[in-house]
Amino acid sequence: MNDSVNRQVLLVEKPTGKLGPEHFEMAKAAIPEPKDGEALLRVRYISLDAANRAWMHGATYRAAVEANTVMAGGGIAEVVSSKAPGLAPGDIVFGDTGWQDYAAVPAKHLTKMPKVEPMTHLLSVYGIAGLTAYFGLLDVGKPKAGETVVVSAAAGSVGSIVGQIAKIKGCRVVGIAGGKDKCDWLTSELGFDAAVDYKDGAVFKALKAAAPKGIDVYFDNVGGDILEACLAQMNNRGRIACCGAISQYDGVPSAHGPRGVPGLIVVKRLVMQGFIVMDFMDQRDEALNDLQSWVASGKLRVQEDIINGLENTPKALIGLLAGENRGKRMIRV
């Protein structure tokens, strides 16, 4: 990191097809001066998420990322200077820092974080990924001991935690992931009961074998054809927690899926609910207490995929969209 220049990654063109390195550009700017109510932050780690790609399509739960602006993204940062009460140099915060070395951000948009080692856990298990898994599974999916829980993108930052929490709660857990290595990792290291390789092509058949008693809770990170395969195998009064739709973010989405909506939802009396983790932040302390105790006891394993260098951020996001990562992917700035 250069202490006199602010390096930035700009989104210079909004992609119409697959995201590529040509859509980004490195730039240099002056280090910003914080205004009243703001803090100047030095970015330490940048979170990489499938949602980064969704923001390029248009407004979601946040404004769209426009061309020729600093690429948006959450990050863990250290306060360099502050013109806001409650924040002082050395404090660690989480906020939408963007892909850059330094950012001046209003304090009201920052969350002060505890001093945790390793700091990277503030982006993974104790950050948005862990909280999304916790609330999406427990508050939306509402699993009961003995039920079958299926999670897609199971080797990713959220899915890998969802499956482990479901095991802690006494469920049978099936993960859907891409590739034999990932599937083996889920069962041998994270304790999943079974794993389905969607790259084999026969997802429906493999899922039926892995979950012979049907699915009670499906945690959906992908949408499309995999959601369709799970819908057909849901048990009566099953619950579907809709977290993301990565299959539709980059490139061409499925031509037809998912079929069976709303027919299967009606016949099976399913509850299918989308959620955003910010909806549950009033319960954050309780969730963090549980997550910290599970990590400390060894019941919950943390997998992080840390890549060095701001200049590698575009390539790292493109790789994440292609399923390269295991666990939470982030950039060490």
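Reader: What share of the 333 residues in the protein chain is buried?
Author: In this predicted model, it's 53% of the 333 residues. A residue gets that label when its relative accessible area is under 20%.

Reader: What makes the chain as compact as a globular protein of that length?
Author: Set the value against the rule: the radius of gyration is 20 Å, and the globule rule gives 20 Å for 333 residues, so the chain passes as that compact. The chain holds 9 helices and 16 strands, and its C-alpha trace spans about 60 × 45 × 35 Å along the principal axes.

Reader: How do you know which contacts join residues 24 or more positions apart?
Author: A contact needs heavy atoms within 4.5 Å. Take the contacts with a separation of 6 or more, and 68% of them are between residues 24 or more positions apart.

Reader: Why is the set of 47 residues called a nonpolar core?
Author: Because its members are buried residues of nonpolar kinds such as Leu, Ile, Phe and Tyr, joined through side-chain atoms within 4.5 Å. The largest such core has 47 residues, and Tyr134, Leu137, Ile165, Leu186, Phe219 and Leu291 have the most contacts inside it. Elements that each supply at least two residues include helix H2 (128-141), strand E12 (215-220) and helix H8 (284-297). H2 gives the largest share, 8 residues.

Reader: What about the outside, and where do the charges sit on average?
Author: The accessible surface comes to about 14,600 Å², with 51% belonging to carbon and sulfur atoms. As for charges, the mean positions of the 37 positive and 36 negative ones are 5 Å apart.

Conventions:
Residues are numbered from 1 along each chain as its sequence is written. This is a predicted model: local features need pLDDT of at least 70, side-chain atom pairs count only at pLDDT 80 or more; totals for chains, interfaces and linings use all residues. Side-chain values use heavy atoms; hydrogens and water are left out. Helices (H or I, at least four residues) and strands (E, at least two) are DSSP runs, numbered from the N terminus. The radius of gyration is taken over C-alpha atoms; the globule rule is 2.2 Å times the number of residues to the power 0.38. Buried means under 20% relative accessible area, exposed over 50%, partly exposed in between (1.4 Å probe, protein chains only). Accessible areas come from the Shrake-Rupley method with a 1.4 Å probe; for residues, only the protein chains shown count as cover. Lys and Arg count as positive and Asp and Glu as negative; His and the chain ends are not counted. The place of a charge is taken as NZ of Lys, CZ of Arg, CG of Asp or CD of Glu.
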